[in-house]
Amino acid sequence: MKEFLTFTKKEFLHIFRDTWTMMIILVLPLVMMLLFGYAVTTEIRNTNIGILDYSKDETTRSIINRVQESEYFTISNYFNSYDEIDQSFKSSENSLVIVFGENFSENLLHLRKADIQIVADASDPNAAKTLVNYLSNIIGSTLKDLNKTTIENYEIKPELKLLYNPLMKSSYNFVPGVMGFIIILVCAMMTSISIVREKEKGTMELLLASPTSPITIIVSKLIPYFVISLINIITIFLVSYFIMGVPINGSLFWIFILCILYILVSLSLGILISTVSDTQLMALVISAILLLMPSMLLSGMLFNIESMPLILQGIAQAMPAKWFISAIRKLMIMGVDAKYVLHEFGALLLMEVIIIGISLKKFKKRLE
Amino acid sequence: MDEVIVVRNLTKRFGAFTAVDDISFEVKKGEIFGFLGANGAGKTTVIRMLCGLSKPSSGNALVGGFDIRHQSEKIKANIGYMSQRFSLYEDLKVWENIKLFAGIYGMKKKDIAIKTDILLEELGFESQKETLVSALPLGWKQKLAFSVAIFHNPKVVFLDEPTGGVDPVVRRQFWELIYKTAEKGITVFVTTHYMDEAEYCDRISIMVDGRIEALDTPRALKEKFSSDSIDDIFYQLARNAKRKED
């Protein structure tokens, strides 16, 4: 036990004394959170919108107010003619304009129809589509509230109800993704590199020739990365809950059990990689290509797995990150009971057993 | 019993390849035993087996009175080991390295503290106690690595090419350390590439293709092969080797 503590302390020293390691394991998670949270965002916020209102009556004003109040749009221009709209798009003052026809309220009341037009800059078609959707929803709900839903020219659309993430916030998606990625990075990559570093430098020989058991050597190497991963997870939870407003709907207990299981799987992957690599560079390349990249691209963090080609879907199933992200979404965002994530838990457990099995076999073979 | 290492018909096969072929020899307490051989002759395989790092295919050996097949844990506690690659932790301070390895070999905290100061004084390293090992010159590192390997007072210390890459002055100093160690009764089992170093040994063995082709004091070997240098004897034996150097 005393020996074990000595070793663990030594591992912490290795980490604390290496600036790069410290940067990667403590600063990178925060940078990723901020990047995904504020820079790489797929949601819409504060889009400039212009208004051309030929009516200027009660109804158009309430619609305009409603648009202004929403956090998605900011009214930047009021126009007097169509010509000005074209100008404003070209100078990028706004990417969206609402045009109200003449006598809007009156027409609505008497003719039961009124003219409203949304003009969008479709040079970025995806963004334009989303913007138009958002705007139509706002206009539709305003008219509904004004009890004038019978306008015929307002195209009746199936009403969308977005469960669990009604505001389509991308933070709901990337928080589990960032956790999945960071843990693979810290546990699998950094651990494998730190074990292989000892092989490369020759200190592993020295340790193996000492009375210390190989198990002590390996386990004491894992402890610091385990602790750091937990710290990272807690930091990510705190940042996402308090700063980004991501809810934690499910049981914290099961969320942590899940995180610990995932950390263990990642640590075992780190051991496995270290048994097949002879140099730190090799460990780095193997973890980056076989683990980090797929964990980013195929785990469902950035792209939807169901819409991938079959072969990539197959590879995705083998990624621990995929199962972790799926389970944490269910537990954290949807707030489901643990029994609904048994499938994910099972997959991770199975992976853990297989990886440990292979690593032990490899390790024994090395000792002949 | 005077023999610290007793090797009997030791053999190691990797598949169809016989790395170590039925070797037998003894090493006495306090002896400096030079273990020579070209690259690929099987030296490292023998050392690994004697240190309990790998199991023999057949034959057996006793190290410090313990059986290498079944008592590798006991052996590991009674030997010191220094590999050809300089191997202390570069990112730990001098005293941290000493404390770490002494702790691994089960020494008490108090003993470690006292002995550390004595050792640093002997080596003239007092001012370097708090220095990171990475900041030491190579020769100093080598001396420190050796001192760490014998810090827990083992019965045998295995040195696998300990002086590779250091300049002649440091090599000289290093061998002085080895003599002092042997005087304390610690057996030194050393492999080397430098034939002048072989002359410093009490006895040497020369391994060719997994077998021991010659074993005696340097003087007796010179008489037997009627040659005046170990280098020459080594060359005579090694040129018949069938294995390619790797």
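**Reasoning from values to terms**

Colleague: What makes B:Glu197 count as buried in this predicted model?

Modeller: The relative accessibility of B:Glu197 is 1%. Buried means under 20%, so B:Glu197 meets the term.

Colleague: How do you know that B:Arg171 and B:Glu197 meet in a salt bridge?

Modeller: The N to O distance between their side chains is 3.0 Å. The rule asks for a Lys or Arg nitrogen within 4 Å of a carboxyl oxygen of Asp or Glu, and therefore this pair qualifies. The two partners belong to distant parts of chain B: B:Arg171 lies in helix α6 (residues 168–183) and B:Glu197 in helix α7 (residues 195–198), 26 residues apart. B:Arg171 is buried as well, with a relative accessible area of 12%.

Colleague: Why is the contact of A:Lys330 with A:Glu344 called a salt bridge?

Modeller: Their side chains are 3.1 Å apart, N to O, and the limit is within 4 Å, so the name applies. This pair also links distant parts of its chain, with A:Lys330 in helix α13 (residues 320–334) and A:Glu344 in helix α14 (residues 342–367), 14 residues apart.

Colleague: Are A:Lys330 and A:Glu344 buried or exposed?

Modeller: A:Glu344 has a relative accessible area of 4%, which is under 20%, so A:Glu344 is buried. A:Lys330 has 25%; this value falls between the 20% and 50% cut-offs, and therefore A:Lys330 is partly exposed.

Colleague: How many salt bridges does the whole structure hold, and which residues do shared partners join into a network?

Modeller: The search finds 17 over all chains. In one of them, A:Lys10 and A:Glu11 meet at 2.5 Å, N to O. Both are buried: A:Lys10 has a relative accessible area of 3%, and A:Glu11 has 2%. Through shared partners, A:Lys10, A:Glu11, A:Glu198 and A:Lys221 form one network.

Colleague: How do you know how many disulfides there are?

Modeller: The count over all chains is zero. For A:Cys187, the nearest cysteine sulfur is that of A:Cys259, 11 Å away; a disulfide needs the sulfur atoms within 2.5 Å, so A:Cys187 is in none. B:Cys51 is likewise in no disulfide, as the nearest cysteine sulfur, that of B:Cys201, is 17 Å away. A:Cys187 is buried, at 0% relative accessible area, and B:Cys51 is buried at 0% too.

Colleague: What makes B:Lys108 count as exposed, and where does this residue lie?

Modeller: The relative accessible area of B:Lys108 is 57%. Exposed means over 50%, so the term fits B:Lys108. The residue lies in the loop between α3 (94–104) and α4 (109–123) of chain B. With A:Lys2, A:Lys9 and B:Lys109, B:Lys108 gathers in a patch of positive charge on the surface.

Key
Residues numbered from 1 in each chain as written. Chains lettered and ligands numbered in written order. Predicted model: local features only at pLDDT ≥ 70, side-chain atom pairs only at ≥ 80, totals over all residues. Heavy atoms only, no water. Patch = residues over 30% accessible without salt bridge, like charges linked within 9 Å, V, L, I, M, F, W, Y side chains within 5 Å. Areas by Shrake-Rupley, 256 points an atom, 1.4 Å probe, with all protein chains shown as cover. Lys, Arg positive; Asp, Glu negative; His and termini not counted. Charge placed at Lys NZ, Arg CZ, Asp CG, Glu CD. Helix = DSSP H or I, 4+ residues; strand = E, 2+ residues; numbered from the N terminus. Buried < 20%, exposed > 50% of the residue type's maximum accessible area, 1.4 Å probe, protein only.
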